[in-house]
Amino acid sequence: MSTNRVVDPATQTIPPEQAYPVGSPDHDHLAPPLPVGFEEQADELISHYPVSKRSATLPLLHLWQETFGYISDDGIEWIGHKLGLQPINILELVTFYPMFRQHPAGKIQIRVCRTLSCAMAGSYDLCNHFRQKCGTTENEVHGLEISPDGKYSVEFVECIASCGTAPVIMINDDFHENVTIKRADELLEKYR
Ligand code: FES
């Protein structure tokens with residue numbers, strides 16, 4: 001009995017022409033404009049996974065988010081096409097892992113650790129304080145909140161490896177420890 005395999009058992013991926021069958025609206029999908037060198041970086045990451053390029057999905061998602069700030073629908077399609085996967089295979093990872101965003105973050109990005117040490121040290125109150133002060137509203141499934149002018153975004157993150165100095169936050173790339181409500185207000189003044 002012949003079996004019409006869709007999934008290549010060696011790679012667990014499907015060829016692009018099956019991910020985007022001829023005649024489907026996605027077949028002629030054009031990649032969004034990519035920065036110079038982006039595709040080369042993606043190819044280099046994929047080369048680390050010679051047995052199953054599907055394993056490059058998370059690295060490619062990180063690369064996309066670091067480059068564009070969030071994972072757009074175009075990003076999901078492009079990565080799926082690149083790896084010979086269906087867009088849904090990419091989307092399910094984006095919606096599962098809280099570190100991936102489907103919307104742009106604010107210019108001033110506030111990330112509050114919500115893991116045990118920080119939670120016990122008051123990070124939920126702290127996060128609510130930032131949300132209130134910045135006037136953010138919930139924007140997506142993982143709880144990213146953005147102010148109406150797009151200036152601030154506030155979100156929870158998991159442990160950022162400084163549990164002994166909880167509660168800990170990041171504002172853009174800066175790390176802040178032992179953050180009290182008073183300190184939060186001082187930081188907002190500094191980053192306004
Ligand atoms: S629990 Fe917050 S830094 Fe580890």
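**Helix packing and nonpolar cores in the predicted model**

Helix α3 (residues 57–68) packs with α5 at an angle of about 70°, the two axes lying 11 Å apart. The coordinates analysed here are those of a predicted model. Because angles of 65 to 115 degrees count as roughly perpendicular, α3 and α5 are described as roughly perpendicular to each other. Their crossing is right-handed, and the contact is made by Thr 57, Leu 58 and Leu 61 of α3, which meet Ile 90, Leu 93 and Val 94 of α5. By residue class, the contact of α3 with α5 comprises five nonpolar residues, one polar residue and no charged residue.

Helix α5 (residues 87–96) also packs with helix α4 (residues 73–83), here at an angle of about 125° and with the axes 8 Å apart. Since 125° falls in none of the ranges for roughly parallel, roughly perpendicular or roughly antiparallel axes, α4 and α5 are therefore oblique to each other. The crossing in which α4 passes α5 is right-handed. On the α4 side the contact involves Ile 76, Glu 77, Ile 79 and Gly 80, whereas α5 contributes Pro 87, Asn 89, Ile 90, Leu 91 and Val 94. The residues of this contact of α4 with α5 divide into six nonpolar, two polar and one charged. Ile 90 and Val 94 of α5 thus appear in the contact with α4 and also in the contact with α3.

The burial of α4 extends to residues beyond those named in its contact with α5, the buried residues of this helix being Gly 75, Ile 76, Glu 77, Trp 78, Ile 79, Gly 80 and Leu 83. The helix is followed by Gly 84, for which phi is positive, near 70°.

A further set of contacts involves helix α2 (residues 38–46), in which Leu 45 lies. With 18 other C-beta atoms within 10 Å, Leu 45 is partly exposed, because a residue counts as buried from 20 such atoms and as exposed at 12 or fewer. When neighbours within four places in sequence are left aside, Leu 45 is in contact with Ala 56, Pro 59, Leu 60 and Leu 63. For one of these, Pro 59, which is 14 residues away along the chain, the separation of the C-alpha atoms from Leu 45 is 6.9 Å.

The largest nonpolar core consists of 15 residues, of which Ile 110, Val 112, Leu 126, Phe 130, Val 168 and Ile 169 touch the most other members. At least two residues of this core are supplied by each of β1 (108–113), α7 (123–134), β4 (152–157) and β5 (169–171). With residues up to four places away in sequence not counted, Ile 169 touches Ile 110, Arg 111, Val 112, Cys 113, His 176 and Val 179. Apart from the largest core lies another, of 13 residues, which includes Ala 42, Leu 61, Trp 64 and Ile 76. Among these, Leu 61 takes part in the contact of α3 with α5, while Ile 76 belongs to the contact of α4 with α5.

Over the protein chain as a whole, eight helices and six strands are assigned, arranged along the sequence in the pattern α-α-α-α-α-β-α-α-β-β-β-β-β-α. Of the 192 residues of the protein chain, 28% count as buried. Among contacts in the protein chain with a separation of 6 or more, 57% are accounted for by residues 24 or more positions apart.

Methods: Residues are numbered from 1 along each chain as its sequence is written. This is a predicted model: local features need pLDDT of at least 70, side-chain atom pairs count only at pLDDT 80 or more; totals for chains, interfaces and linings use all residues. Axes are lines fitted to C-alpha atoms, for helices over the stretch in contact, and angles run from 0 to 180 degrees between N-to-C directions. Helices (H or I, at least four residues) and strands (E, at least two) are DSSP runs, numbered from the N terminus. Angles under 35 degrees count as roughly parallel, over 145 as roughly antiparallel, 65 to 115 as roughly perpendicular and the rest as oblique. A crossing is left-handed if the near helix is turned anticlockwise from the far one by less than a right angle, and right-handed if clockwise. Two residues are in contact if their C-beta atoms, placed from the backbone, lie within 7 Å. Ala, Val, Leu, Ile, Met, Phe, Trp, Tyr, Cys and Pro count as nonpolar, Asp, Glu, Lys and Arg as charged, and the others, Gly among them, as polar. A nonpolar core is a set of buried Ala, Val, Leu, Ile, Met, Phe, Trp, Tyr and Cys residues joined through C-beta atoms within 7 Å.
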